[in-house]
Amino acid sequence: MGRGRWRAVGSALWRSVAVWLVSTLTMLALAGILPDFQLQSDDGDSATRIAVTAALGAGAFGLLSSLVWPVLVRALLLVPALVLGLLAFFLNGSLLLLALRLIPDGRGEANAETAVVVAAVMSAVASATGGALAVRDDDAYRRRLYRLADRRRRRGEARTGPAAPGTVFIQLDGVGHDVLRAAAEKGLMPTIGGWLGQEGEPSHRLTPWRTDWSSQTGASQLGILHGSNHDIPAFRWYEKDTGEVMVSNRPASAVELQRRAIERTGDGGLLTVDGASRGNLFSGGADQLALVLSMAARRGRENRSRAGYFAYFSDPANAVRTALSFIAEVGREIGESTRARIKKRRPRISRGGLYPFIRAFATVVERDVVVAAVIGDMLAGRTAVYADLVAYDEVAHHSGPSGSDVEKVLQRLDRSLALIAKVAEHAPRAYRIVVLSDHGQSPGETFHARYGLTIGDLVRAGCGLPVPRKAQRTHSGAEARSTVRAALRRPVEEGAGQHRPARRAEPIVLASGNLGLVSFPDVPHRMTREEIDLRHPALLPTLANHPGIGFLLVRSEEHGPVVLGARGAEIHLDEEPHDLGPLADFGPGAADAVRRTDGFPHVADIMVNSWYDPQDGEVLAFEEQIGSHGGLGGAQARPFLLSPLTLPAPVPDGHELVGAERVHDVLREWLGASQGPEIPLVGGGATAVDDSPPSGRDGTAFTAGDPAVQDKTR
């Protein structure tokens, strides 16, 4: 055994002894504080005897946590992820009770409630102590991160010789270009600020890009990962040929959209070469998957595995820390929403019910599990990793795109980026870290709050149909809800039958942020403007002249795609318009984006974009969101791409990066420069839409989230 090996063994032994001593002192302190926790016999013991009892108890608890805890978690892999995280408290308490029973003469005693508290505190203290001692030891730090992500590659897979740089793509869901730059300038995101050269030479360049008309994760991420978002007109839309409502964050819809994209492009996606997909709607062709929604609809024994969560929760300290952070985040949300009500902030929406728990899942559990998976991928030397962090998007929907609430979320996201950058220093290959977003968010009150009716009510009024006295608010389609429900094995969008009209002659009205879609299910083809006017002569004027509507898109038998605005404004998109009319306020490229969507097979009979104020950047969401995205207008259509200077510029100076499909081309070019061409999809390949389970590269591969029952009640 060499000197280096002996030094490593000695360092590990010293850290173990130090953690044991600190745990012993912690147990002694808790025994003195908590009345229902004792470390002495009923007749009393000497201080030395109590100290020995604490040392034995701390040692037994440490051994049980190291040996028994991973077995317990693996045995509970079928438990929904969210429940598993909360169950960590009680499992840890049970291990402590068992440890106390192992103390000779029965001197350790605690009731169940106290045991949960003591175990949580001791796990957190032990984790903090071990981490602090390992900070200056690079090898120990690296080993700890390996254990965090449970990545133990086989010797036969070890890479030999110098490897080309890998690439990690981190998607900050919903963070717009201007929001990111402002946060960096204010010091909220020092990691981003450092990369942009605020205190030295820059290492990255920041490039804005423009989304398609459908500025939402389903369209953007499908385009980025699979190279095509053709026929994605909105977040949710009605397909006349199947009679189904497609919803981007429903597993059954996601797997179908991914299949269509692969069929259209002819290859598996951006990540088909040694790639990993973490926390995304789509797989990108990766064979390493965790929390990928398009996999949640698949059946089979492999897809029921909870290995993706096991990689994180197998460490009891991580489980306890995440559970404590989860509870703290629930409390933080309740406090923030209470202050908003007391101060009568406007705009404001309801933030009660299950929302505090959904927010906590997005900002704590999903973040921790995804970041742990990325760390494991980097330490395993994977070539390409794409991960989505949805925390900002979820909070901004309910709190608004700016303000102290979302600033705290941005700070925590920056710390996650700093951790990933630190891990890159210890990875077996060099890594290039690319940060990007799929869309931004535009502020503004809801359409319902301003006018007292929903877009569905307005459509019914224009059709001469009765309007309900009490408007039913459109449920938010935030991405984090899909992850929570998939983790709990519940259909992603409950009550989807509300999209069904009472009679087939009545219109189906769907909302996607500030984009509305109107379809007539009894007409098998896309209705023309002339057909709509003949059946409902007041409908198009009612919509176009409403102050909360920016413009409409319909198709005319005579003029092709037509944009309608207030007071008779009309643009024929088949001709090059000299005056953009109602599209003028929506910025450059609006006409091209609308024209492209008009060519989709499943575009709605009437596409409705809300009003937009170019001075304040506000829109009117048709859903219950005060920070929204999904249509045109403002920051929602201006995300960012932050890339290392070592990579070629995404576009030449003076040019604009337009569309998610073009972003895919840029990312593919960057990957191809270091690893050669991507593997096309031939005869099956490594793709998440195949019926066979993905073949992992090692025994601890991250697998998909829980399967969800396809919703057939729509």
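Let's start with a side-chain pair. Asn514 and Gln636 make a polar contact through their side chains, at 3.3 Å. Keep in mind that this is a predicted model. Where does Asn514 sit? In the loop between E12 and E13. Buried or exposed? Asn514 counts as buried, because its relative accessibility is 0%.

Now step back to the whole protein. There are 714 residues, and 58% of them count as buried. The secondary structure comes to 22 helices and 22 strands. Look at the contacts with a separation of 6 or more. Residues 24 or more positions apart account for 75% of those. The accessible surface comes to about 28,600 Å². Carbon and sulfur atoms hold 55% of that surface.

Next, the inside. The largest nonpolar core has 57 residues. Which residues have the most contacts inside it? Trp213, Val594, Leu641 and Leu667. Several elements each supply at least two residues of this core. Among the helices doing so are H9, at 217-226, and H10, at 251-265. H21, at 590-598, and H22, at 660-675, do so too. Strands join in, including E9 at 384-389 and E14 at 549-556. H22 gives the largest share, six residues.

Zoom in on Val594. Set aside its neighbours within four places in sequence. Val594 is then in contact with Trp213, Phe551, Leu553, Val563, Leu573, Leu583 and Leu632. There is also another core, apart from the one just described. That one has 47 residues, including Leu206, Ile375, Met378 and Leu642.

Stay with helix H9 for a moment. How many of its ten residues are buried? Ten of the ten, so H9 is largely enclosed by the rest of the structure. The buried set is a mixed one by name: Thr217, Ser220, Gln221 and His226 are among them, and so are Leu222, Ile224 and Leu225. Now check the two ends. At the N-terminal end, Gln216 is the cap. A side-chain oxygen of Gln216 lies 2.7 Å from the backbone nitrogen of Gly218. After the helix comes Gly227, with a positive phi near 80 degrees.

On to charges. How many salt bridges does the structure hold? It holds 35. I'll take three pairs.

Pair one is Asp178 with Arg638, at 3.8 Å, N to O. These two are 460 residues apart, so to speak from distant parts of the chain. Asp178 is in helix H7, residues 177-185. Arg638 is in the loop between strand E20 and strand E21. Asp178 is partly exposed, at 45% relative accessible area. Arg638 is partly exposed as well, at 34%.

Pair two is Glu506 with Arg460, at 3.1 Å, N to O. This pair also links distant parts of the chain, 46 residues apart. Arg460 belongs to helix H17, residues 455-462. Glu506 lies in the loop between helix H18 and strand E12. Are they buried or exposed? Both Glu506 and Arg460 are buried.

Glu506 has another residue to point out. Leu465 is 41 residues from Glu506 in sequence, and their C-alpha atoms are 8.3 Å apart in space. Leu465 is placed in the loop between H17 and H18. Leu465 counts as buried because its relative accessibility, 18%, falls under the 20% limit.

Pair three is Arg595 with Asp592, at 2.7 Å, N to O. Why is about one helical turn between them? Because Arg595 and Asp592 are three residues apart in helix H21. In an α-helix there are 3.6 residues a turn, so residues three or four places apart point the same way. Arg595 is partly exposed, at 25% relative accessible area. Asp592 is partly exposed too, at 48%.

Some salt bridges share partners. One network joins Glu329, Arg332, Glu333, Arg351, Arg359, Asp405 and Arg412.

Last stop, the surface. Which residues form a nonpolar patch there? Leu13, Val17 and Leu21, with about 270 Å² of accessible area together. Leu13 is found in helix H1, residues 3-33. Leu13 counts as exposed because its relative accessible area is 55%, and the cut-off for exposed is over 50%.

Methods. Residues numbered from 1 in each chain as written. Predicted model: local features only at pLDDT ≥ 70, side-chain atom pairs only at ≥ 80, totals over all residues. Heavy atoms only, no water. Patch = residues over 30% accessible without salt bridge, like charges linked within 9 Å, V, L, I, M, F, W, Y side chains within 5 Å. Areas by Shrake-Rupley, 256 points an atom, 1.4 Å probe, with all protein chains shown as cover. Salt bridge = Lys/Arg side-chain N within 4 Å of Asp/Glu carboxyl O. Helix = DSSP H or I, 4+ residues; strand = E, 2+ residues; numbered from the N terminus. Buried < 20%, exposed > 50% of the residue type's maximum accessible area, 1.4 Å probe, protein only. Core = buried A, V, L, I, M, F, W, Y, C linked by side-chain atoms within 4.5 Å. Contact = heavy atoms within 4.5 Å. Polar contact = N/O pair within 3.5 Å; in protein donor to acceptor, adjacent residues only side chain to side chain.
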